[in-house]
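Grab a pencil and work through these short exercises with the viewer open. Try each task before you read its solution.

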Amino acid sequence: MAGIITADLHGKTVYQAKVTVDALLRRVSGGTYRIRLIHGCHGGTALRDFLQETYATHPKVRRLVRSPDGGATELVLREY
């Protein structure tokens, strides 16, 4: 895994999304600098809010970036 990893969280519960993101964070290699999480924004903001609350202070995450349309969140692991 290198560069940007993308995961689609559409249709997942908050618990399922947490399991997915935690697994990605455990498996990232040194070449990975972002994890792009597509969660959508038309069905509510539960996943977006969960990602913000949970991973903004995660030790591997430097910062979070929300897409302009609000449908994706990127976890920046290191600056490129």
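A heads-up before you start: this is a predicted model.

**Exercise 1. Place helix α2 against the strands.**

Start with the position: α2, residues 46–55, lies across β2, β3 and β4. Next, get the direction: α2 runs at about 165 degrees to β3. Now do the other helix for comparison. Helix α1 covers residues 14–27 and lies across β1, β2 and β4 (72–76). Its angle to β2 is about 170 degrees.

**Exercise 2. List the elements of the protein from the N terminus on.**

Begin with the tally, which is two helices and four strands. Then walk along the chain from the N terminus, and you should read off β-α-β-α-β-β.

**Exercise 3. Work out the strand order of the sheet and find its edges.**

Going across the sheet, the four strands come in the order β1-β2-β4-β3. The sheet is open, and its pairing is mixed. The edges are β1 (3–8) and β3 (63–66), each of which pairs on one side only. For the twist, ignore direction: neighbouring strands here are turned by 20 degrees against each other on average.

Now zoom in on one pair. β1 and β2 (residues 32–38) run parallel and are joined by six bridges. To find your register, look for I4, which stands opposite R34 in β2.

**Exercise 4. Find the largest nonpolar core and pick out its best-connected residues.**

This core has 18 residues. Those with the most contacts inside it are V21, I35, L37 and L75. Then ask who contributes: β1, α1, β2 and α2 each give two or more residues to this core.

Take V21 as your test case. Skip its neighbours within four places in sequence, and you're left with contacts to L9, L37, L51, Y55 and L75.

**Exercise 5. Check the radius of gyration against what a compact globule would give.**

First, the expectation: a compact globule of 80 residues would have a radius of gyration near 12 Å. The protein has 12 Å, so the two agree. For the outer dimensions, the C-alpha atoms fill a box of roughly 35 × 25 × 20 Å along the principal axes.

**Exercise 6. Sum up burial, surface and contacts for the protein.**

Buried residues, meaning those under 20% relative accessible area, make up 40% of the 80 residues. On the outside, the protein exposes about 4700 Å², with carbon and sulfur atoms supplying 52% of that area. Finally, take the contacts with a separation of 6 or more: residues 24 or more positions apart account for 65% of them.

Notes. Residues numbered from 1 in each chain as written. Predicted model: local features only at pLDDT ≥ 70, side-chain atom pairs only at ≥ 80, totals over all residues. Heavy atoms only, no water. Pairing = 2+ DSSP bridges. Axes fitted to C-alpha atoms, helices over the stretch in contact; angles between N-to-C directions. Contact = heavy atoms within 4.5 Å. Rg over C-alpha atoms; globule rule 2.2 N^0.38 Å. Buried < 20%, exposed > 50% of the residue type's maximum accessible area, 1.4 Å probe, protein only. Areas by Shrake-Rupley, 256 points an atom, 1.4 Å probe, with all protein chains shown as cover. Core = buried A, V, L, I, M, F, W, Y, C linked by side-chain atoms within 4.5 Å.
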